[in-house]
Every structure is written in C-alpha cells, then in structure tokens.
Amino acid sequence: MDPRTPSDLETTGTLSLQGQAVPAAEGEQAGEAAPSWVAEARGQLTVPGKYLAFEDSGRQQVVPVQREWTRIGRSLAADVRFDDATVSRRHALIVHQADGTRVLDDRSLNGVYVNGRRVEWSPLKDGDQIVVGRHTLFFLDTATVGQPVAAAPAAVAE
C-alpha cells in the first residue's frame, strides 16, 4: 500500500469485511426470541417504566429510559456507551415523549436496525430488538410491573 494513501480505516473509521459471510450466532437473527437473561432481567424489575437491556463485555445491563433523550454511541457523552469501532460516536437516540418512545438513527455509519430492518427512525414497543453496530439492545416496556392483573370475567352460565 502506498504510504501516502490512507487506508479505509483511516479515512472512514470503518472496518472492511472480506471473505465469506458468517452465519449469525443462534439467537441473533431477526425475529428470534430474546435470550433467556432478558426475561430474567425483566422479572427482576420492580419499578414500572421503559428500559434498555443489553450485553457489554460479558455483563448484562439494564438501563432505565427516563429522560427525554437517551444517547447511544461510542462518545464519552453517550448515556449508553459502547467502546467499539462498529458503533459511531453519535449512533442513535432513544426519544421518550408522551406520545411514545422511538429510536432515531443519529447519522451513524453502520445504521440502526429494529427487529432486523434498517430504520431512520422507528416507534418502539415492548420486546423490540435494536441493533447498533455489533451490539443488540432489547427495549423493555414494563408499564404494568407491580400492578395487579385484572381477573378475566367469569363465564356466564346459561
């Protein structure tokens, strides 16, 4: 390589992938159920609300989405930070407002995927899978945690 010509990595901050495609690991394909640890984390939540559950460096984490904006990225200013070259400094935003919660792509290089589909923005519902770089986050909406479940009406005898 000519030493005067910068590589793709130096000019764009991305890593080029070459060779044959590697099939996604079990549980990472779009439409598949969340890993069992997500259900366990959901069961341990005692405060109703909206959360992001993800794995980073082998640790499972659950972060509440409480503010109007939650930043996801590689930047030190990000609320959810991934130190990974596949994640842009300002990758995505989770916007929480009275009319709902949605994810916005914050001009990232590798895009934001919700349930396997690349999106510029998308409303989020409980259980949605958000992919940022090589990291998968799960949106949990536990608005009914801690609230009694109404009994089903009894069948009327005729």
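Good morning. I shall begin with strand 1, where 6 of the 7 residues are buried, so the strand is largely enclosed by the rest of the structure. Please bear in mind throughout that this is a predicted model.

What stands on either side of this strand? Strand 1 is joined to strand 11 by 5 bridges, and these two run antiparallel. Within that pairing, Ala-53 has Phe-138 of strand 11 as its bridge partner. Strand 1 also pairs with strand 2, again in the antiparallel sense, over 6 bridges. There, Asp-56 is placed opposite Arg-59 of strand 2. The two strands make a hairpin with 2 residues between them, and Ser-57 in the turn has a positive phi of about 55°.

Let me now step back to the whole chain. Its secondary structure consists of 2 helices and 11 strands, and along the sequence both helices precede the strands, in the pattern α-α-β-β-β-β-β-β-β-β-β-β-β. The chain has 158 residues, of which 32% count as buried. The accessible surface is about 10,700 Å², and carbon and sulfur atoms contribute 51% of that. Among contacts with a separation of 6 or more, 39% are between residues 24 or more positions apart.

The strands I have described belong to an open sheet of 6 strands in the order 2-1-11-10-7-8, with antiparallel pairing. Its edges are strand 2, residues 59-64, and strand 8, residues 117-119, each of which pairs on one side only. On average, neighbouring strands in this sheet are turned by 30° against each other, direction ignored. Towards the strand 8 edge, strand 7, residues 112-114, pairs with strand 8 in the antiparallel sense over 3 bridges, and Val-114 stands opposite Arg-117. Helix 2, residues 36-44, lies across strand 1, strand 2 and strand 11, running at about 35° to strand 11.

There is also an open sheet of 5 strands, ordered 4-3-5-6-9, and here the pairing is mixed. Strand 4 and strand 9 are at its edges with a single partner strand each, so one side of each is left without a neighbour in the sheet. Further in, strand 3, residues 69-73, and strand 5, residues 92-97, are antiparallel and share 4 bridges; Ile-72 has Ala-92 as its bridge partner in strand 5.

I turn next to the interior. Which residues of the largest nonpolar core touch the most other members? Of its 18 residues, they are Leu-52, Ile-72, Ile-94, Val-103, Ile-130 and Leu-137. Strands 1, 5, 7, 10 and 11 each supply at least two residues of this core. Leaving aside neighbours within four places in sequence, Ile-94 is in contact with a set of residues including Leu-52, Trp-69, Ile-72, Val-103, Leu-124 and Ile-130. A second, separate core holds 7 residues, among them Trp-37, Val-38, Leu-45 and Ala-53.

Finally, consider Thr-142, in the segment after strand 11. Is this residue buried or exposed? Thr-142 has a relative accessible area of 2% and is buried, because the cut-off for that class is under 20%. Beyond residues up to four places away in sequence, Thr-142 touches Arg-42, Leu-45, Val-47, Pro-48, Gly-49 and Tyr-51. Its C-alpha atom is separated by 6.1 Å from that of Lys-50, although the two residues are 92 apart along the chain. That returns us to strand 1, which spans residues 50-56. Thank you for your attention.

Key
Residues numbered from 1 in each chain as written. Predicted model: local features only at pLDDT ≥ 70, side-chain atom pairs only at ≥ 80, totals over all residues. Heavy atoms only, no water. Pairing = 2+ DSSP bridges. Axes fitted to C-alpha atoms, helices over the stretch in contact; angles between N-to-C directions. Contact = heavy atoms within 4.5 Å. Buried < 20%, exposed > 50% of the residue type's maximum accessible area, 1.4 Å probe, protein only. Areas by Shrake-Rupley, 256 points an atom, 1.4 Å probe, with all protein chains shown as cover. Core = buried A, V, L, I, M, F, W, Y, C linked by side-chain atoms within 4.5 Å.
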